[in-house]
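Here's a quick briefing to read with the model open in your viewer. Have a look at the fold before you go through the notes.

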Amino acid sequence: MQNIRPISDDLIYVGASDLRLALFENIYPIPRGVSYNSYLLRDDKTVLFDTTDASVASQFFENVAAALDGRPLDYVVVHHMEPDHAATLSSLLLRYPDATVVTTAKAAQMMQQFFGAQPARLLPVKEGDTLCTGRHSLSFVMAPMVHWPEVMMSFDTASGTLFSADAFGTFGALSGNIFADEVNFEGEWLNDARRYFVNIVGKYGLQVQNVLKKAATLDIRMICPLHGPVWRDNIAWFVNKHDIWSRYDWEERGVTIIYGSIYGHTEAAARRLATLLANRGVKNIRMFDASHTHTSKLVSECWRVSHIVLAASTYNNGLFTPVEELLLDLKAHAFQHRSWALIENGSWAPQSGKLMRSMIEDMKDMTILGDTLSLKSAMQPSQEEALAALADAIQASL
């Protein structure tokens, strides 16, 4: 059964959602699922913007046939060759062999790699090239490394619609409401949007900034991403979020406490610090157990706030592995420009503080506040003053 929805008089949503997938890219938990967006333009010429993941192929092909309603498919614009958007391309071209594939030269090369051959009808495009389809005219915007090197976007000058590839996307399946203004985006989607950005694209902040500069020259009235809701209202707010994230800036001046604790003593010290901060007027403190929170969520949370407290046990004379994984992941994503406070623990030879400090200092523009609080087995009453001094240092920095 077809399941399409009009976006405008001549643009139709033909994508599909998957609530069964547990791990996006076999890495990131997606309890709210994911959408694979595809759009069909019915102009003098018909244009399909991207295909979908193989998991939703049956629904996708029914949707495309319903949207075409007997018309031929003239063009397929491929913005990004990652299989969650291009796995069904070869099957689509078997159904519509007269369609011309419009894409970058790099993407055409990847088609050879994925499918063993390039399409019979291929139109390579580069920055500034245009394609007139009748009333609409598409201008192509190159977006390399957002987040693969072959990526491009399309801007429809007639409607002000930006087909943005993976940019401005988010985790989360769509449930009938395909527009961001039809859902509680800030309350229910923003965390997934941030987590999607920082884990998928966050390493490429400079490249995202370059694309945002290009976008600033366009009269954008709608954004159609490859994942998540379509934007037709409050676009500047969402674009600004991406500007903040891609500059490695923080959204909120606040404190997140992340602890890695084996038997609870490190956690107890972290919780005591949270209370001391609250007594000093710090609000909206968040706490996370690194052993029970996926690293992708911790990375996203670190991106959100200005100040991070890490409390970690020493393990095998090294750093407790979930905290080590977090710091390695942050470095891999070029994380920078934050303030930190540290708590270490070790029953006979505490090492975690030194190791955390070294890994943090290896990242760009980091500030470590106060002295590392060093525990041996458990926090002692005599250390309350040192913990209070650490709380003072954090509060003063805020």
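What follows covers the nonpolar cores, some helix packing and one histidine.

Keep in mind that this is a predicted model. Its largest nonpolar core has 87 residues, and a second core of 24 residues lies apart from it. Helix α10 (residues 321-332) comes up twice below, since its axis gets within 10 Å of the axis of α9 and also within 10 Å of the axis of α11.

**Nonpolar cores**

- In the 87-residue core, the members that touch the most other members are I7, L310, L327 and W340.
- The top contributor to this core is helix α5 (residues 185-201), which puts in 9 residues.
- The other core, with its 24 residues, sits apart and includes F60, V76, V78 and A99.
- As general background, nonpolar side chains in soluble globular proteins tend to be buried together.

**What L310 touches**

- Setting aside residues up to four places away in sequence, L310 touches I258, V323, L326, L327, W340, A341, L342, I343, M356 and I360.
- Two of these turn up again in the helix packing: L326 is part of the α10 side of the contact with α9, and V323 is part of the α10 side of the contact with α11.
- M356 and I360, also on the L310 list, belong to the α11 side of that second contact.

**α9 against α10**

- Helix α9 (residues 295-304) and α10 cross at roughly 60 degrees, so the pair counts as oblique.
- The crossing is right-handed.
- From α9, the contact uses T295, L298, V299 and C302, while α10 brings E325, L326, D329 and L330.
- Sorted by class, the residues of this contact come out as 5 nonpolar, 1 polar and 2 charged.

**α10 against α11**

- With helix α11 (residues 352-361), α10 makes an angle of roughly 10 degrees, which means the two are roughly parallel.
- On the α10 side you'll find V323, E324, L327 and L328, and they meet M356, M359 and I360 of α11.
- This contact has 6 nonpolar residues, no polar ones and 1 charged residue.

**H242**

- You'll find H242 in helix α7 (residues 235-246).
- Is H242 buried or exposed? Its relative accessibility is 4%, so H242 counts as buried, the cut-off being under 20%.
- Leaving out neighbours within four places in sequence, H242 is in contact with F168, F197 and L212.

Notes: Residues are numbered from 1 along each chain as its sequence is written. This is a predicted model: local features need pLDDT of at least 70, side-chain atom pairs count only at pLDDT 80 or more; totals for chains, interfaces and linings use all residues. Side-chain values use heavy atoms; hydrogens and water are left out. Axes are lines fitted to C-alpha atoms, for helices over the stretch in contact, and angles run from 0 to 180 degrees between N-to-C directions. Helices (H or I, at least four residues) and strands (E, at least two) are DSSP runs, numbered from the N terminus. Angles under 35 degrees count as roughly parallel, over 145 as roughly antiparallel, 65 to 115 as roughly perpendicular and the rest as oblique. A crossing is left-handed if the near helix is turned anticlockwise from the far one by less than a right angle, and right-handed if clockwise. Contact means heavy atoms within 4.5 Å. Ala, Val, Leu, Ile, Met, Phe, Trp, Tyr, Cys and Pro count as nonpolar, Asp, Glu, Lys and Arg as charged, and the others, Gly among them, as polar. Buried means under 20% relative accessible area, exposed over 50%, partly exposed in between (1.4 Å probe, protein chains only). A nonpolar core is a set of buried Ala, Val, Leu, Ile, Met, Phe, Trp, Tyr and Cys residues joined through side-chain atoms within 4.5 Å.
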